[in-house]
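Please read the sequence alongside the coordinates, and follow the account below element by element, beginning with a pair of helices and then turning to the strands.

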Amino acid sequence: GGTDRLEPLPPSEPFELDLLAAVPERVAGEQALFAATGAVHAAAAFDRSGEPLVVREDIGRHNAVDKVVGRLLLDGRLPATGLGLFVSGRASFEMVQKAWAAGFAAVVAVSGPSSLAVETARAAGLTLAGFTRGGALNLYSPERPV
């Protein structure tokens with residue numbers, strides 16, 4: 001697999017869980033296309049305070065993530081050390097793999113993760129939250145809240 005070449009991420013300051021739980025609402029304010037259509041996915045890079053830095057929308061979940069990562073690359077901001085990645089759908093293995101490769105410290109998803117996504121996040125040392133809505137979340141990685 002593509003994660004064979006990836007080293008675990010350097011340890012970083014853990015995100016506050018209530019801050020992670022608030023990210024979807026903060027991103028929603030910048031989802032103009034979703035507000036108009038209700039039919040697109042969003043991805044966002046956010047900082048330690050939960051502030052969205054780059055928000056992109058696309059009909060495809062992966063395209064939205066690729067647009068965020070591409071913008072960070074063009075801005076000279078990769079690796080995305082200390083930043084989180086928000087995804088409006090579920091956290092698949094591929095999403096976690098992309099986040100790991102880009103150097104994100106956390107992935108926050110509105111839906112649930114696959115078991116392989118959880119395993120991958122734990123191997124990466126990446127914080128993984130799912131079912132993030134209504135100010136609540138499920139934490140899948142690390143195995144114990146820090």
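**Helix packing and strand pairing**

In this predicted model, helix α4, which spans residues 93–102, packs with helix α5, residues 115–124, at an angle of about 20°, and their axes lie 8 Å apart. Angles under 35 degrees count as roughly parallel, and α4 and α5 are therefore roughly parallel to each other. The crossing in which α4 passes α5 is right-handed. On the α4 side the contact is made by F93, V96 and W100, while α5 contributes L116, A117, T120, A121, A123 and A124. Sorted by character, the residues of this contact of α4 with α5 comprise eight that are nonpolar and one that is polar, with no charged residue.

The strands can be followed starting from β1, which covers residues 41–46 and is mostly covered in the model, five of its six residues being buried. Strand β1 pairs with strand β2, residues 52–58, in the antiparallel sense, and six bridges join the two; within this pairing, H41 has D58 of β2 as its bridge partner. Together β1 and β2 form a hairpin with five residues between them, and in the turn G50 has a positive phi of about 85°.

Strand β1 also pairs with strand β3, residues 84–87, again in the antiparallel sense, this time over four bridges. Here the bridge partner of A45 is L85 in β3. Read together, these pairings show β1 bridged both to β2 and to β3.

Definitions and conventions:
Residues numbered from 1 in each chain as written. Predicted model: local features only at pLDDT ≥ 70, side-chain atom pairs only at ≥ 80, totals over all residues. Heavy atoms only, no water. Axes fitted to C-alpha atoms, helices over the stretch in contact; angles between N-to-C directions. Parallel < 35°, antiparallel > 145°, perpendicular 65-115°, else oblique. Left-handed = near helix turned anticlockwise from the far one by under 90°. Contact = heavy atoms within 4.5 Å. Nonpolar A, V, L, I, M, F, W, Y, C, P; charged D, E, K, R; others polar. Buried < 20%, exposed > 50% of the residue type's maximum accessible area, 1.4 Å probe, protein only. Pairing = 2+ DSSP bridges.
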